[in-house]
Amino acid sequence: MTTTRLRDSIFECLADAKSDSDDVKQKALKTLVSITKVSPQNRNLLAQTDEALPTLLSSLESSSPLLQTLTLSILFNLSLNPNLKQSLTDTETIYCLNSFITSPVSPESSKIAASLICSLAMLDKNKAKFGVANTIQCLVKAVSGSRSLAAHHLLSSLTELVQFHGNCSVAVRAGAVPVLIKLVEESRADGEDLAGTSLAILSLLARFNEGLSALRKTDEIVNIMLEVLKGRCMLSKEGAAEVLIRLFEESEGCVRDALRLEFSSVLADLSVRGSARARERAGLLLKKMMEADLDTYMEESPMYYHW
């Protein structure tokens, strides 16, 4: 299709997207989904067309779940172009996406909305925009309570957003740590990939004092991480080991808790049979525990004298 014909087709589809007939709208939006799947050039052409984005945002307000899902798919396709991420991330769009996360009309709309947030947040300049627009609070709320069918997508979005320090603080204050810990415990048996992503987020939150403090205040946190290390999911083990390194560096109490448990044998096994990252982390944890064990022995030994 030539550029001229493509531009004419886009104009026609945008006009039909304003129709009073849902069938006409549906056909137009399906065509735009197909067009924007094809190439970055097609996405740019649609984005540069007058009234394209306002028309699409208006379609998101439709009462039809199918029309909403088609529109979200078009916006997601547009977001794949790096040069369009910033212009797509305006306040109106963010608040609209927040509503799809907290009050989804269908599981599919929630998944695509979360994927769109993740895509837009890959541009670092956009991370803070979501942070001040309540998106993180919406994501935490959506993954709490009953298991969401879009949990994978929601957690991926949260992972991307908490790469930014300021968003880590927002997430901790929104109660992300207990929500994620609960998800880790519930997912170990039947959804370890969810646990792995949750632990990856926790390790990001643990980089800063607020997140680390919230983890330290969690009951049985060391034992919870031990149970993860005993599991099968390597992503979960890597995340748990990362969290433990942060805890051991800041809390002697956590190290003492580990010494009272069967940590050494589990870490020894992980240091041999884990992934490269897990082996490295297990080695650091073993070293930390050996140093703490030696310090305890020296303090308690009758041969030890304080000079």
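**Cavities, helices and loops in a predicted model**

The structure holds two cavities of 30 Å³ or more. A cavity is here a set of points, on a 1 Å grid over the protein atoms alone, where a 1.4 Å probe fits but cannot get out; the points are joined across faces, edges and corners, and a volume is the space filled by probe spheres set on them. The model is predicted, so local features need a pLDDT of at least 70 and side-chain atom pairs count only at pLDDT 80 or more, while totals for chains, interfaces and linings use all residues. Residues are numbered from 1 along each chain as its sequence is written, and side-chain values use heavy atoms, with hydrogens and water left out.

The confidence of the prediction comes next. The pLDDT, which is the predictor's confidence in each residue from 0 to 100, averages 90 over the protein chain, and 92% of the residues score at least 70. Residues 300-307 have a pLDDT below 50, and beyond near neighbours in sequence this stretch has two contacts in the model. Contact means heavy atoms within 4.5 Å.

The second largest cavity contains about 40 Å³ of space. Its lining, made up of residues that have an atom within 4 Å of a point, consists of L53, L57, L75, S87, L88, D90 and T93. Two helices, α4 (52-60) and α6 (85-88), each supply at least two of the lining residues. Helices in this account are DSSP runs of H or I with at least four residues, numbered from the N terminus. By character, the lining divides into four nonpolar residues, two polar and one charged. In this division Ala, Val, Leu, Ile, Met, Phe, Trp, Tyr, Cys and Pro count as nonpolar, Asp, Glu, Lys and Arg as charged, and the others, Gly among them, as polar.

T93, one of the lining residues, is placed in helix α7. T93 counts as buried because its relative accessibility is 6%; buried means under 20% relative accessible area, exposed over 50%, and partly exposed in between, with a 1.4 Å probe and protein chains only. The side chain of T93 makes a polar contact of 2.5 Å with the side chain of D90, and D90 also lines the second largest cavity. A polar contact is a pair of N or O atoms within 3.5 Å; within protein, one must be able to donate a hydrogen and the other to accept it, and residues adjacent in sequence count only if both atoms are side-chain atoms. Leaving aside neighbours within four places in sequence, T93 is in contact with L57 and L88, and both of these residues belong to the lining as well.

Helix α7 covers residues 91-102 and also holds Y95. Y95 has a relative accessible area of 46% and is therefore partly exposed. The C-alpha atom of Y95 is separated by 48 Å from that of S264, 169 residues apart along the chain.

Towards the N terminus, D8 lies in helix α1, residues 3-16, and is partly exposed at 46% relative accessibility. N42, in helix α3, is buried, because its relative accessible area is 13%. Beyond residues up to four places away in sequence, N42 touches L6 and I35. The C-alpha atoms of N42 and L6 are 8.1 Å apart in space, with their positions 36 residues apart in sequence, and the side chain of N42 reaches the backbone oxygen of I35 at 3.2 Å.

Further along, K111 in helix α8, residues 107-121, is partly exposed, with a relative accessible area of 24%. Its contacts, not counting residues up to four places away in sequence, are with L149, A150 and H153. Helix α12, residues 165-173, has N167, C168, S169, A171 and V172 as its buried residues.

The backbone also merits attention. Most residues other than glycine have a negative phi. E51, in the loop between α3 (40-47) and α4, is not a glycine, yet has a positive phi of about 65°. N134, in the loop between α9 (124-131) and α10 (135-143), likewise has a positive phi, of about 75°, without being a glycine; N134 is partly exposed, at a relative accessible area of 43%. After α12 comes G175, whose phi is positive, near 90°.

Methods. 1 Å grid on protein atoms, 1.4 Å probe; cavity = no way out; pocket = protein on both sides within 12 Å on 5 of 7 lines; lining within 4 Å.
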